Amino acid sequence: MSSATSPSPTDEANALVARRFPEEVATEGKIEIIDEICAEDIVDHSPLGDRRGREELKEQLRKLNEAFGDFSATVEDIVTEGDTVAMRVTLRGTHESEFMGFEPTGKSFEAGNMVFTRIEDGLIAERWVEPDLLGMFTQLGIVDVDVSEM
């Protein structure tokens, strides 16, 4: 007898709403969808700082889209348990404008990203976003790291 269970309808619904953020908001640039999929008082934790509420989150996404006009976020894996959805996401983009205080390099990157999303009443209530900034900054030429010596 297998201990694995099939996903519940709630798990599937939570996964669908969570993946809309990377797929529609981040990749397709449909920032207005935040109003549809996120709670009014959403809290988003990332290296860019905590954002509280839909408007702060929208502003952060606008700046990200400005810095990386071709930004994309591809969901590679997704696991749901209870009200939490975990996603492994691949981020891609070309550094075209200032980002985190760094002037544009014109270089492209591809980096991993882990996102944990808490769903409440069918909406995204909280997110924890952990991108591989070292990998990203190395590819963009912002930092010089020789990983072969690690």
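**Reading helix α4, the sheet and a surface patch**

Colleague: Which residues of helix α4 are buried?

Modeller: In helix α4 (residues 133-140), Leu133, Gly135, Met136, Phe137 and Leu140 are buried (under 20% relative accessible area with a 1.4 Å probe, protein chains only; exposed is over 50%, partly exposed in between). Helices (H or I, at least four residues) and strands (E, at least two) are DSSP runs numbered from the N terminus. This is a predicted model, with local features needing pLDDT of at least 70 and side-chain atom pairs 80 or more, while totals for chains, interfaces and linings use all residues. Residues are numbered from 1 along each chain as its sequence is written, and side-chain values use heavy atoms, without hydrogens and water.

Colleague: What covers the buried residues of α4?

Modeller: The cover includes β5 and β6, by contact (heavy atoms within 4.5 Å). Just after α4, Gly141 has a positive phi of about 80°.

Colleague: How are the strands of the sheet ordered?

Modeller: Strands of a sheet pair through backbone hydrogen bonds, parallel or antiparallel. Here an open sheet of 6 strands runs β2-β1-β6-β5-β4-β3, with mixed pairing (at least two DSSP bridges between two strands). β2 (51-52) and β3 (72-81) are the edge strands, each pairing on one side only. β3 pairs with β4 (residues 84-94) in the antiparallel sense, over 9 bridges, and Val79 stands opposite Ala86 in β4.

Colleague: Why does Phe116 count as partly exposed?

Modeller: Phe116, in strand β5, counts as partly exposed because its relative accessibility is 36%.
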